[in-house]
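Visitor: I would like to learn how to read the empty spaces and the ring contacts in a model such as this one. Could you take me through them one at a time?

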Amino acid sequence: MTVVWAFPGQGSQRKDMGAGLFDRHSATLARADAVLGRSVRELCADQAALRDTRVLQPVLYTIGALTYLDRAAREPQPHCMIGHSLGEYTALYASGALDFETGLRLVVARAEIMGRASGGAMLAVVGLGVERLREVMRREGADDIDVANHNSPRQTVLSGPEDSVRALAPVLRREGAGKCVLLHISVAAHSRYMAEAADELGAVLDTVTFHEPRVPVLSNVTARPHRADRIALRLREHMCQGVRWWDSLAHLVAQGVTELVELGPGSVLTKLWATARAELPGPPATPDTGEGPARPGTRPEAPPAAREGHDTGPRPASGPPEPGTRATTARSAPRRPRVTRERLGAARFRERYATDSAWVVSGTGDGAAGDEVCRAARAAGLMAFTDPSPGAPDPASLGEAARSGWGSGLRPGPEADTRVTALLAHDVRHVEADHPHGPDAALVRFRFTGAHRGPAGTPVAVRHVLARVTGPGQAAAFLRPPAPSLLAGLVRTGALTEDEADAARELPVASDLAVQDPGGWHEDGADAYQLLPAVAALAARAPGTEPVHVGLCGVVGTPEQAATAFALGAAFLVSTSLTACAPEARLAPSLKDTLARAGEDDVTWAPTERHAALGVPGRVVRRGTLFPARSGLLHRLLCEHRYFADIPAPRRRHIEEHLLGGPAPPPPGSRADDRPLTADVFRWYVRETARRTPAGEPLRPVDHQLRCDPEAICFNRAAAGTALAAWTARTPGALAAHLLTNAAELLTARAPVPADGRP
């Protein structure tokens with residue numbers, strides 16, 4: 001089955017539209033409210049306000065965008081997109097041609113420009129074909145009226161001066177028109193009379209950099225796919241040329257599209273599609289490409305020029321002239337393409353997590369990243385994950401995470417299955433996995449609960465796993481489907497259904513990978529920046545139809561590093577130690593101050609819980625703590641003595657008195673007569689030193705553990721002497737804005753100028 005998603009335009013509105021979407025996409029809604037200066041939720045409930053085109057158009061665009069985000073979170077991307085009139089702007093946003101706020105500002109400008117126009121009218125005519133209409137208009141001398149929308153063989157909208165349109169209506173009724181309805185609009189939209197308004201909008205469009213849509217979007221003007229370097233011109237033409245909706249539907253049918261899904265209020269486009277399916281012939285038995293008919297479930301084949309992004313197909317053979325329009329947009333000099341922070345990284349990653357920017361706020365696994373951090377991050381349009389916390393998860397916290405769209409950290413261990421049960425019960429859709437030895441049963445259960453096959457038989461997973469990895473081998477474990485024996489065990493115990501396991505056999509365990517520095521394993525000299533391309537190459541070959549995005553974790557602390565990461569192909573960036581400095585983080589102010597001042601000399605390597613038995617060291621702050629020395633001592637003893645009791649008595653007593661505060665704790669689940677392993681003592685110690693009170697104070701002040709990834713050192717050095725030197729200013733939104741905006745400017749300054757002057 002080949003699917004197109006369609007976005008309706010003005011006329012589809014209804015009171016209280018968008019109900020149910022606002023709470024699920026509160027971050028995007030907040031951004032719309034900020035741009036408009038008014039509450040979209042309240043405007044949707046105000047019937048009087050919706051009569052003003054300057055209000056209605058931005059509200060409809062927002063509702064369409066929220067509907068798209070809601071659908072895209074559950075289903076794979078369609079094969080094509082299309083929008084009717086105003087809906088074309090929503091389709092371009094959904095395709096990645098421009099970001100949400102840029103699209104909204106364009107729609108606001110369009111609505112303001114149209115709102116200033118007057119003296120026009122539009123007439124919907126049902127029952128007469130477009131050629132019959134043209135014949136009647138020629139006979140009656142109504143050559144000042146244009147065809148604004150050709151929606152179907154029996155539905156057309158005319159546009160022109162109000163007196164002329166009103167005078168034509170009774171004539172058309174006598175000619176057999178079933179209905180002639182004067183629309184509630186005071187402008188002659190999509191007609192020659194909007195040429196001046198088109199020029200005004202064109203000046204706004206020239207300030208925007210459009211990107212190649214990742215999913216083809218049909219232009220209302222040409223009825224063929226948009227090309228990035230012509231989108232501004234086509235949207236300008238859109239103001240004063242008719243909407244070729246029927247031609248667009250004919251193109252879709254000819255390309256083998258079998259289903260249209262209308263994303264927005266109303267069902268007008270769905271009904272027009274039903275007419276097209278009934279009256280238009282399907283794709284030819286042998287398409288022009290000579291490659292046979294399009295196969296169901298694949299992207300519709302377009303003519304070669306269309307596949308390369310070119311506008312194909314002629315402009316309308318007949319129709320009104322276009323006074324004052326430009327055939328091409330001349331440029332006096334080559335213009336360097338502008339990079340914006342919203343365009344950094346992967347567009348589909350931003351859509352997957354409903355974010356403005358390809359930035360993820362996370363933690364170092366010690367509880368500093370809590371709900372407060374996630375709220376601030378989501379309000380700033382960022383993705384966020386809470387640190388995994390010991391004990392039973394807070395139901396209120398999980399409920400808020402599900403509603404607001406942030407995720408939860410997940411680690412292997414005896415509590416993992418209980419935590420997954422709670423996550424599933426509250427319908428949390430995203431987890432960040434820190435599994436050094438690869439995926440386990442609990443993680444696979446989370447990922448594939450709810451997995452199914454779509455209408456075309458394509459496997460679909462509705463939950464996402466962002467896995468931290470330190471090398472290609474670990475990445476490969478997450479990029480494969482789960483082991484057959486593991487799936488069989490989950491089905492046998494009822495943790496997954498057979499249908500869920502069937503979909504899982506063709507999908508990777510991870511939906512996204514975050515590459516972090518490989519701890520103490522430096523034999524090959526690799527760091528995260530070197531590993532990124534290798535892991536990305538593996539991810540490109542992962543099974544499934546959805547891309548596995550690869551980003552960097554904990555290593556980007558300056559705009560230069562961010563620009564380098566994106567230039568290397570990073571789809572997103574994850575902050576860790578920088579998150580711990582945030583005012584909202586659950587970390588004592590004294591520790592935040594220490595972390596915000598840390599330099600290279602303040603950080604050292606120490607054995608931590610990560611790969612505990614292997615003793616892979618992590619970066620920790622050494623100033624004001626004995627943890628590095630004491631964890632190093634315990635690890636050396638771990639290598640020399642299997643059992644804690646085998647350590648020489650004087651040293652053992654010193655450890656019990658100063659490090660443990662008493663006799664060595666028994667291992668979990670052990671019997672009273674079991675001897676504790678040195679590894680268990682080491683593991684207990686590193687966990688205790690990482691624990692803090694709810695206020696963020698260390699439970700062991702003398703030997704507390706404070707992780708410090710490379711990003712914090714780099715950021716501290718670069719931010720010295722600026723407002724961001726103080727941790728009180730390092731909110732998630734401020735950090736992301738500083739790093740991404742400046743990285744975008746660096747990339748813009750270094751971008752090559754196209755030889756033909758086109759960005």
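Visitor: How do the residues lining the second largest cavity divide into nonpolar, polar and charged?

Guide: In this predicted model, the lining of the second largest cavity is made up of six nonpolar, three polar and eight charged residues. The volume of this cavity is about 180 Å³, and among its 17 lining residues those nearest the centre are Tyr93, Asp99, Phe100, Arg350 and Thr355. Helix 13 gives the largest share of that lining, three residues, while helix 1 (26-36) and helix 5 (100-116), like helix 13, supply at least two residues each.

Visitor: How is such empty space found, and what is the volume of the largest cavity?

Guide: Rolling a probe the size of a water molecule over the atoms shows where empty space is left. Here the structure holds five cavities of 30 Å³ or more, and the largest of them has a volume of about 320 Å³. It is lined by 23 residues, of which Ala72, Arg352, Ala461, His464 and Glu546 are the closest to its centre. Two or more lining residues come from each of helix 3 (53-72), helix 13 (347-352) and strand 13 (459-460), with helix 13 contributing the largest share, three residues. By character, this lining divides into twelve nonpolar, four polar and seven charged residues.

Visitor: Is histidine 464, one of the residues closest to that centre, buried or exposed?

Guide: Burial is read from the relative accessible area, and a residue counts as buried when that value is under 20%. Histidine 464 has a relative accessible area of 8%, and is therefore buried. This histidine is found in strand 14 (residues 464-469), and, leaving aside neighbours within four places in sequence, histidine 464 is in contact with Arg352, Tyr353, Arg429, His430, Val431, Phe446, Arg447 and Ser511.

Visitor: Phe446 is among those contacts; which charged end sits over the ring of phenylalanine 446?

Guide: The charged end belongs to arginine 463, and it sits over that ring at 5.9 Å from the ring centre.

Visitor: How should I read the geometry of an aromatic pair, and how many such pairs are there?

Guide: Two values are read together, the distance between ring centres and the angle between ring planes, where planes under 30 degrees apart count as stacked and those over 60 as edge-to-face, the rest being tilted. The count for this structure comes to eight aromatic pairs. One of them joins phenylalanine 349 and tyrosine 353, whose centres are 4.8 Å apart with 50° between the planes, a tilted arrangement; phenylalanine 349 is buried at a relative accessible area of 0%, and tyrosine 353 is buried at 2%. In another, the rings of phenylalanine 627 and tyrosine 685 have centres 6.0 Å apart and planes at 10°, so this pair is stacked. That pair links distant parts of the chain, since phenylalanine 627 belongs to helix 25 (residues 627-640) and tyrosine 685 to helix 27 (residues 678-690), 58 residues apart. Phenylalanine 627 is buried with a relative accessible area of 0%, and tyrosine 685 is likewise buried with 0%.

Visitor: Which residues form one aromatic cluster?

Guide: Trp5, Tyr61, Tyr68, Tyr93 and Phe100 do, and Tyr93 and Phe100 bring us back to the second largest cavity, where both are among the residues nearest the centre.

Key: Residues numbered from 1 in each chain as written. Predicted model: local features only at pLDDT ≥ 70, side-chain atom pairs only at ≥ 80, totals over all residues. Heavy atoms only, no water. 1 Å grid on protein atoms, 1.4 Å probe; cavity = no way out; pocket = protein on both sides within 12 Å on 5 of 7 lines; lining within 4 Å. Points joined across faces, edges and corners; volume = space filled by probe spheres on them. Helix = DSSP H or I, 4+ residues; strand = E, 2+ residues; numbered from the N terminus. Nonpolar A, V, L, I, M, F, W, Y, C, P; charged D, E, K, R; others polar. Buried < 20%, exposed > 50% of the residue type's maximum accessible area, 1.4 Å probe, protein only. Contact = heavy atoms within 4.5 Å. Phe/Tyr/Trp six-rings, centres within 6.5 Å; stacked < 30°, edge-to-face > 60°. Lys NZ or Arg CZ within 6 Å of the ring centre and 35° of its normal.
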